[in-house]
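Q: Can we walk through this structure feature by feature? For each one, I'd like the general idea and then the case at hand.

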Amino acid sequence: MTDLCALTPESILAGLSTRWAGRGMLLCARELPSTNRLLKELAKQNAPHGSVAVCDHQTAGKGRIGRRWETPAGEALTFSVLLRPRLEPLKAQLCTLAAAVAVTRAIGECCPGLDPRIKWPNDLVLGQGKCCGILSEMGMAGNTLDYVITGVGLNVNQLSFPRELEDKAVSLLGEMRRADPAAPALDRAVLLRSFLTHMESVMDALETDGFEAFRSEYEAASATIGRQVQVLAPAETYTGLALGIDDTGALLVRRENGRNETVLCGDVSVRGLMGYV
Ligand code: BTN
């Protein structure tokens, strides 16, 4: 850890009452290429369930579908959690959905007045803008799931974005200042602690009861279900109605030709949201 990182183990652990989330290894750095990448290396060296890596600035942050994830120094909350869940490999994606619910709860707790929605599978939106992206990467040991690294990039205190993101991205503070121009900057350690507390309870419930444990909460917060969507599948692009989520976390879509599709991953745009009309 370097002393330049405002997020220190002390500030994160103060008052944290989890059993496993944030315990084990807790790595805080001023700058890292990618918290996902670091935790993946540590997972291969047997780092325990619940280990966390967090940094002020990522220089080679990874987004979904090979995209980059840009993080300005000191303003966003950029971290990854190492999970060793008792889940079938086919259900590993549920860790992303669990993290989306945990971030939603943390925002609800720390940011009065904000109402985040989950755009399947891994984005959180506030109004028309994205405030959070989640990237899970898994590793196998033979036929079983060895680890899942779930990385979260949450726009917290940014008040401006690079030109290419300015009509797509929003931050928690930016949205709070719409209602209250004097809203103070948010404490990222408080947000992270709240996330870890909720992630632990959602993951524990997931291991016991599967997606049913948080399906209704996920669906109630969904920006996708019940909406017209455009699916960019590897072989074709099609539109349809998002019907729901199956037990593996896949999206069920009824195409305009009447056929039902199960979308495991890929790019799904929601009509009326983030530029798709
Ligand atoms: C996306 O929306 O494309 C997912 C973005 C995920 C970004 C986070 S930031 C912390 C973690 N480390 C990474 O390199 N990526 C994830």
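A: Sure, and we start with how the elements are named: helices (H or I, at least four residues) and strands (E, at least two) are DSSP runs, numbered from the N terminus. This is a predicted model, where local features need pLDDT of at least 70 and side-chain atom pairs count only at pLDDT 80 or more, while totals for chains, interfaces and linings use all residues. Residues are numbered from 1 along each chain as its sequence is written, and side-chain values use heavy atoms, with hydrogens and water left out.

Q: Backbone angles, then. Where is Asn-46 found?

A: The general idea is that most residues other than glycine have a negative phi, and most peptide bonds are trans. Asn-46 is not a glycine, yet its phi is positive, at about 75 degrees. You'll find Asn-46 in the loop between H2 and strand S2 (52-58).

Q: Is Asn-46 buried or exposed?

A: The cut-offs go like this: buried means under 20% relative accessible area, exposed over 50%, and partly exposed in between (1.4 Å probe, protein chains only). Asn-46 counts as exposed because its relative accessibility is 65%.

Q: Which other residue that isn't glycine has a positive phi, near 55 degrees?

A: That's Ile-65, with a phi near 55 degrees. Ile-65 is placed in the loop between S2 and S3. With 51% relative accessibility, Ile-65 counts as exposed.

Q: And peptide bonds: which two residues does a cis bond join?

A: Look at Trp-120 and Pro-121, where omega is about -5 degrees. Pro-121 belongs to the loop between strand S4 (117-119) and strand S5 (123-126).

Q: Now the ligand. Where does the ligand sit?

A: First, how a pocket is found. On a 1 Å grid over the protein atoms alone, a cavity is a set of points where a 1.4 Å probe fits but cannot get out, and a pocket is an open set with protein on both sides within 12 Å along at least five of seven lines; lining residues have an atom within 4 Å of a point. A molecule sits in one of these if more than half of its atoms lie within 2 Å of its grid points. In this model, the ligand sits in the largest pocket.

Q: Which residues come nearest to the ligand?

A: A residue is near a molecule or strand if one of its heavy atoms lies within 4 Å of it. There are 21 residues around the ligand, and those that come nearest are Ser-34, Gln-58, Lys-62, Arg-64 and Lys-130. Sort the shell by class, where Ala, Val, Leu, Ile, Met, Phe, Trp, Tyr, Cys and Pro count as nonpolar, Asp, Glu, Lys and Arg as charged, and the others, Gly among them, as polar. You then get five nonpolar, twelve polar and four charged residues.

Q: Which elements each supply at least two residues of that shell?

A: Helix H2 (35-44), strand S3 (77-83), strand S6 (129-141) and strand S7 (144-154) do. S6 gives the most, with four residues.

Q: What about polar atoms of the protein and the ligand: how far is Arg-64 from a ligand oxygen?

A: A polar contact is a pair of N or O atoms within 3.5 Å; within protein, one must be able to donate a hydrogen and the other to accept it, and residues adjacent in sequence count only if both atoms are side-chain atoms. A polar backbone atom of Arg-64 is 2.7 Å from an oxygen atom of the ligand. Asn-122 brings a polar side-chain atom to 3.4 Å from a ligand oxygen, and a backbone N or O atom of Asn-36 lies 3.5 Å from a ligand nitrogen. As for cover, the protein hides 98% of the 410 Å² of accessible area that the ligand has on its own (areas come from the Shrake-Rupley method with a 1.4 Å probe; for residues, only the protein chains shown count as cover).

Q: Within the protein, which side chains does Ser-80 contact?

A: Ser-80 lies in strand S3 and is buried, with a relative accessible area of 0%. Its side chain makes polar contacts with the side chains of Thr-35 at 2.7 Å and Asn-36 at 2.6 Å.

Q: Last one: how far apart in space are Leu-77 and Asp-56?

A: Sequence separation and spatial distance are read side by side. Leu-77 and Asp-56 are 21 residues apart along the chain, with their C-alpha atoms separated by 7.4 Å. Leu-77 is in strand S3 and counts as buried, at 1% relative accessibility. For Ala-6 and Val-268, 262 residues apart along the chain, the C-alpha separation is 35 Å.
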